[in-house]
Amino acid sequence: EAKAVQGSSFRFFDAALAADMQARADVERDLARAVAAGEFFLEYQPIVGVESRSVRAFEALIRWRHPVKGVINPEVFIPAAEKTGLILPLGDWVMREACREAARWPAPAGVAVNVVGDQFKDCAFVDHVKACLAETGLAPGRLTIEVKESVLSADRAAIRETLGKLRAHGVRVALDDFGVGFSSIDNLRAFPIDQLKIDRSFARAMMENKREAEIVDIILKLGQTFQVTTTVEGIESEGQLDFIRQRGASEAQGYLISGPVAAADVIALLARPEIRLSA
Ligand code: C2E
Ligand code: MG
Ligand code: MG
Ligand code: MG
């Protein structure tokens, strides 16, 4: 009796695992097709000055317009793109497309582009970024590269060199989702960083929990010590915005100001009276 149950649960496990592997293989094949077919588009979310509430930059966020499944969010397909190496052609496309759009925006509005470790390790990356800037005419100072802190854990010398080259060219560098995962003060010492983006989980937690609020305080002080821009992600309420203003954060990003918008709506968003472009 017990043996039969165990046997069937093993069969169930095998079947579930096989189905899972099949699903993953399907996603990967589908993704390769989609990259070739160009089924991706970017949305842009404003990042505003906490004091002025005026737009400093827009973060480019990728979406996949799937012919059958509809619009798919990056958290679903970026891991598969990394695993298959498709992140390289996809990431090149994002960089060129984001620079092309941003070059049409009134200066000094900048654009922030998310980049993963595999792109970074490719020595062609810096050349590609320079080519995108040159082709589109976007001033390098208007481009920010966002990397998650976990990227900095391996190949530190090579990554420092890549970041150094980008910065020497005038491109800004932001640490994304700061405060979760592999946070280390040493990263701020060891790498040339312009901006800390404090993970959106803190925006909620800091309002509910004194200890989390103190951690946000510490991160903001850390940012001031290293003289970097501090941006809090996931700001959804006036209360949260007040909270970070009182604690000296430089920038805010979140649904309170605006969710991500279509490329065609960026200029209109800049014209909204409560959202202005920084002088
Ligand atoms: P991220 O870089 O931290 O981007 C911010 C994410 O937070 C976006 O999710 C954005 O829509 C969401 N968000 C913005 N404001 C709020 C808010 O007030 N509340 C909440 N709950 N969420 C907010 P999205 O667009 O789904 O992107 C998810 C992640 O996918 C990004 O996180 C980024 O890590 C990655 N990603 C997006 N585009 C790209 C890309 O072009 N390349 C790479 N490598 N990764 C990308
Ligand atoms: Mg980001
Ligand atoms: Mg983030
Ligand atoms: Mg994130």
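This report describes the metal sites, the ligand surroundings, the nonpolar core and the cysteines of a predicted model.

**Metal sites**

The magnesium ion (ligand 2) has four residues as protein donors: E59 through OE, N114 through OD1, E146 through OE and D176 through OD. These donors lie 2.0 to 2.2 Å from the ion. Along the sequence, the donor residues of the magnesium ion (ligand 2) follow the spacing E-x54-N-x31-E-x29-D. Two of these donors join distant parts of the chain, since N114 belongs to strand β4 (residues 110-114) and E146 to strand β5 (residues 143-148), 32 residues apart. N114 has 30% relative accessibility and therefore counts as partly exposed. E146, at 2% relative accessibility, counts as buried.

D176 also serves a second ion: this residue bridges the magnesium ion (ligand 2) and the magnesium ion (ligand 3). The two ions lie 3.9 Å apart.

**Surroundings of ligand 1**

Ligand 1 is surrounded by 23 residues, of which R63, D176, R200, E236 and Y255 are the closest. D176 thus appears both in this group and as the bridge between the two magnesium ions. Polar contacts to ligand 1 include those in the table below.

| Residue | Protein atom | Atom of ligand 1 | Distance |
|---|---|---|---|
| I62 | backbone N or O | nitrogen | 3.1 Å |
| R63 | side-chain N or O | oxygen | 2.8 Å |
| K148 | polar side-chain atom | oxygen | 3.0 Å |

**Nonpolar core**

The largest nonpolar core contains 78 residues, and the members that touch the most others are M95, L143 and I145. Helix α3 (residues 87-102) supplies the largest share of this core, with seven residues. Leaving aside residues up to four places away in sequence, L143 touches M95, C99, V111, V113, V129, L133, L138, V171 and R172. The contacts of L143 thus include M95, itself one of the core residues with the most contacts to other members.

**Cysteines**

Which cysteine sulfur is nearest to that of C99? The sulfur of C132 is the nearest, at 5.2 Å, and C99 is in no disulfide. C132 is likewise in no disulfide, and its nearest cysteine sulfur is that of C99, 5.2 Å away. A disulfide requires sulfur atoms within 2.5 Å, so this pair does not qualify. The count of disulfides in the model is zero. C99 is buried, with a relative accessible area of 0%, and C132 is buried with a relative accessible area of 0%. C99 is also among the residues that L143 touches.

Definitions and conventions. Residues are numbered from 1 along each chain as its sequence is written. Chains are lettered from A and ligands numbered from 1 in the order in which they are written. This is a predicted model: local features need pLDDT of at least 70, side-chain atom pairs count only at pLDDT 80 or more; totals for chains, interfaces and linings use all residues. Side-chain values use heavy atoms; hydrogens and water are left out. A nonpolar core is a set of buried Ala, Val, Leu, Ile, Met, Phe, Trp, Tyr and Cys residues joined through side-chain atoms within 4.5 Å. Buried means under 20% relative accessible area, exposed over 50%, partly exposed in between (1.4 Å probe, protein chains only). Helices (H or I, at least four residues) and strands (E, at least two) are DSSP runs, numbered from the N terminus. Contact means heavy atoms within 4.5 Å. Donors are N, O and S atoms within 2.8 Å of the metal (3.2 Å for Na, K and Ca); water is not among the atoms, so sites may look incomplete. A residue is near a molecule or strand if one of its heavy atoms lies within 4 Å of it. A polar contact is a pair of N or O atoms within 3.5 Å; within protein, one must be able to donate a hydrogen and the other to accept it, and residues adjacent in sequence count only if both atoms are side-chain atoms.
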